[in-house]
Amino acid sequence: MSSVNRRSAISAGVMLSGAALLSACSSSGESSSASSSSAAGSAASSTQASVASSASAASSVSLPSASASTESSPSSLLMIVNKRRPFASKTWAPNDLVPFAGHQLRKEAAAAATAMMQAAQAAGVTVTVTSAYRSYDDQVTTYNHWVSQNGKAGADDVSARPGYSEHQSGLAVDFASPEGCLLQECYEDTSAGVWLAKNAHTYGFILRFPKDLKPVTGYAYEPWHFRYIGRENAAKYVSSGAKTFEEFTQTGAAPNYLGED
């Protein structure tokens with residue numbers, strides 16, 4: 001996988017348009033398309049209340065294997081999809097998608113994200129969007145593009161396989177900023193990145209792929225990728241001290257696809 005400092009591909013269901021953006025997306029986290037890239041996640045047990053803050057330390061933590069079962073309630077705000085947990089029906093699509101910032105999201109998530117972006121704007125911070133909902137068919141195109149570019153093993157480093165992308169849930173958003181650092185780790189230092197890291201949970205969003213926790217989530221740090229789980233759940237997530245969504249949901253680590261340990 002390419003250096004973390006050079007990551008400019010996209011998360012679990014991101015869609016970027018334009019050759020210029022594509023040229024900037026040669027390495028990344030979860031998913032990307034012929035003109036995009038993306039990212040999505042994995043897991044830790046409730047007994048792992050404290051996961052190390054460095055990649056090497058995280059790697060040494062003993063984590064249980066994830067269940068082979070797939071997500072059976074994709075409409076739930078607490079649904080989890082990652083490299084170990086594909087959608088039970090891989091072509092599933094939400095039935096309550098609405099327009100959102102030039103993309104689509106599920107209705108509740110769109111309302112929360114819109115309110116969050118408006119609050120940021122009121123605080124003098126401009127938050128933009130680069131990707132939201134992405135269908136199974138979109139992910140087929142995305143993944144096949146990266147297979148053609150990098151081979152299957154290389155594609156798995158930068159793109160979620162169809163049916164495994166969190167963006168398909170309609171609950172994930174890849175945010176951006178006029179300051180740049182599009183889908184790169186330096187996004188954490190932009191005004192938008194700083195504001196979101198501090199305030200997103202109050203609107204029901206959590207940072208899906210935290211720093212140094214790839215052994216748990218399956219993907220490197222993506223400070224731009226946030227997942228909607230609802231305000232009440234987000235408050236519980238923060239108060240629980242969980243480091244990842246996998247730990248919070250007690251679904252087990254997902255560093256790679258089932259059968260590929």
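## Exercises on aromatic pairs and helix α7

Tryptophan 195 is buried, its relative accessible area being 12%, and the exercises below concern a predicted model.

**Exercise 1.** Classify tyrosine 203 as buried or exposed, and then determine how the rings of tryptophan 195 and tyrosine 203 are arranged.

*Solution.* Begin with accessibility: tyrosine 203 has 17% relative accessibility, and because buried means under 20%, this residue counts as buried. Next, turn to the rings, for which a search of the whole structure finds nine aromatic pairs. In the pair of tryptophan 195 and tyrosine 203, the ring centres are 6.3 Å apart and the planes meet at 35°, so the pair is tilted.

**Exercise 2.** Work out which elements are tied together by the pair of tyrosine 237 and phenylalanine 248.

*Solution.* First establish the geometry: tyrosine 237 and phenylalanine 248 form an edge-to-face pair, with 5.3 Å from centre to centre and 65° between the planes. Then place the residues: tyrosine 237 belongs to helix α7 and phenylalanine 248 to helix α8, so the pair ties together parts that are eleven residues apart in sequence. Finally, note the accessibility, since both tyrosine 237 and phenylalanine 248 are buried.

**Exercise 3.** Describe which residues of helix α7 are buried and which are exposed.

*Solution.* Within α7 (residues 231-240), the buried residues are Asn233, Ala234 and Tyr237. They span an arc of only 100° around the axis, which puts them on the same side of α7. Glu232 and Ser239, on the other side of α7, are exposed. As a last step, consider the packing partners: the buried residues of α7 pack against β7 (205-207) and α8 (245-249).

Conventions: Residues are numbered from 1 along each chain as its sequence is written. This is a predicted model: local features need pLDDT of at least 70, side-chain atom pairs count only at pLDDT 80 or more; totals for chains, interfaces and linings use all residues. Side-chain values use heavy atoms; hydrogens and water are left out. Buried means under 20% relative accessible area, exposed over 50%, partly exposed in between (1.4 Å probe, protein chains only). Helices (H or I, at least four residues) and strands (E, at least two) are DSSP runs, numbered from the N terminus. The arc is that of the directions from the helix axis to the C-beta atoms. Contact means heavy atoms within 4.5 Å. Rings of Phe, Tyr and Trp (its six-membered ring) pair if their centres lie within 6.5 Å; planes under 30 degrees apart count as stacked, over 60 as edge-to-face and the rest as tilted.
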